[in-house]
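Trainee: Could you take one part of this model and walk me through it closely? I'd like to see how its helices sit against their neighbours.

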Amino acid sequence: MEYRMFGESGCSVSCMGLGLAALGRPGYINLGHREDLGSEYDPSKMEAQTHAMLSLARAQGINYFDAAQSYGKAETFLSTWLMAHPREEVVVGSKWGYYYTADWSVQADKHEVKEHTLERLNLQWPESEQRLGTALKIYQIHSATLESGVLENRAVLQRLEEIREMGYVIGLSLSGVQQSVVLEKALAVQVGGKPLFGSVQATYNCLEQSAGEALQKAFDRGLGVIVKEGLANGRLTSRSTGAYLKTLTDMAQSYQVTEDAIALAYVLSKPFVSVVLSGAAVPAHLISNVKGSEIKLSQQDIRVLDGLKVKPEHYWAERASLAWN
């Protein structure tokens, strides 16, 4: 597993991390999520599954784990694993600004609610800090948008600066067609004459490439760059029915790996990427994902995969149509 410096933070992170969105709650939008969990949603069994995945990830060389307060019990599951493995040297990132509302149900009207307020930050920050302890290094605004006004809320920004002064990297995650616009605005945010943000987490994959230029700019300015949804919630795996699957399948056969490994290798070929997240919920998927960190795509193959991009509006509309399962 290759390790890379995370921006100017001084942290060294594995080029592939494990995201806990699909492990911490019964419902998620990844294709085949229900089958991965075996429709078994007992919290103690899901906690055991999460622990097994975290241990497997460490055995594969992964040292970056990504959570959020809206991922059900993800922080709690991660915290109990950390307590059982106190000598593991890992880097944890978590997020505030959404809270979980599904009441451990797959068929919920709302699975999470956004609230980018000072009150929500002051509620969620102490909880994350207590659960995750010294492993917590990166604290992010969850899905910052222009509409929420969080990048103009001086009280929130000042509180984040106070957290940053305690030694944490302050970041933001992005979603939607305006990822680049929001990131440009975030790069201009200063508190006390200093840039606030030291990391950004964004969607980037073979299909959705629109944030690439902005992410390169952020990387060049010293931010660590985390890529989420490198597999487009399963749309860049063998579970997909998309017309682009044949390209991935043919290329996977030539490298003797699976489609998901090709898609993740593509993300890792981009010079601005510090870490790409695996969203695997079962061991076999994590192992095949990790293969993506072990192969180097040819420049010709990278150009072919560049050609799979779709309009951001199309990508995000299709994502919005994915069912929680």
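Mentor: Here is a walk through helix packing, followed by a few backbone details.

Keep in mind that this is a predicted model.

Let's start with α2, which covers residues 43–59. Two packed helices are described by the angle between their axes and the distance between the axes. For α2 and α3 (residues 74–84), the axes come within 9 Å and cross at roughly 60°. Angles of 65 to 115 degrees would count as roughly perpendicular and those under 35 as roughly parallel, so α2 and α3 are oblique to each other. Their crossing is right-handed. On the α2 side, the contact is made by Pro 43, Met 46, Glu 47, Thr 50, His 51, Leu 54, Ser 55 and Arg 58. From α3 come Thr 76, Phe 77, Leu 78, Thr 80 and Trp 81. Sort that contact by class and you get six nonpolar, five polar and two charged residues.

Now look at how α2 meets α10 (residues 283–290). These two pack at an angle of about 25°, with their axes 10 Å apart, and that makes α2 roughly parallel to α10. This crossing is right-handed too. Here α2 contributes Gln 49, Met 53, Leu 56 and Ala 57, while α10 brings Pro 283, Leu 286 and Ile 287. By class, the contact of α2 with α10 holds six nonpolar residues, one polar residue and no charged ones.

Next up is α8, residues 245–255. Which of its residues are buried? Leu 245, Leu 248, Met 251 and Ala 252 are. They sit on the same side of α8, because they cover an arc of only 135° around the axis. The other side of the helix has Lys 246, Gln 253 and Ser 254, which are exposed. And what covers the buried residues of α8? The cover includes α9 (259–268) and α11 (299–306). Right after the helix comes Gln 256, with a positive phi near 60°.

That phi leads to the backbone on the way into α8. Most residues other than glycine have a negative phi, and most peptide bonds are trans. The loop between β13 (224–228) and α8 holds Glu 229, whose phi is positive, near 55°. Is Glu 229 buried or exposed? With a relative accessible area of 13%, where buried means under 20%, Glu 229 counts as buried. Ala 232 is found in the loop between β13 and α8 as well, and it has a positive phi of about 55° although it is not a glycine. Ala 232 is buried, with a relative accessible area of 0%.

One last stop is Ala 155, in helix α5 (residues 154–165). Its relative accessibility is 39%, so Ala 155 counts as partly exposed. If you want a long-range pair to look at, take Ala 155 and Gln 124: they are 31 residues apart in sequence and 15 Å apart in space, C-alpha to C-alpha.

Definitions and conventions: Residues numbered from 1 in each chain as written. Predicted model: local features only at pLDDT ≥ 70, side-chain atom pairs only at ≥ 80, totals over all residues. Heavy atoms only, no water. Buried < 20%, exposed > 50% of the residue type's maximum accessible area, 1.4 Å probe, protein only. Helix = DSSP H or I, 4+ residues; strand = E, 2+ residues; numbered from the N terminus. Arc of directions from axis to C-beta. Contact = heavy atoms within 4.5 Å. Axes fitted to C-alpha atoms, helices over the stretch in contact; angles between N-to-C directions. Parallel < 35°, antiparallel > 145°, perpendicular 65-115°, else oblique. Left-handed = near helix turned anticlockwise from the far one by under 90°. Nonpolar A, V, L, I, M, F, W, Y, C, P; charged D, E, K, R; others polar.
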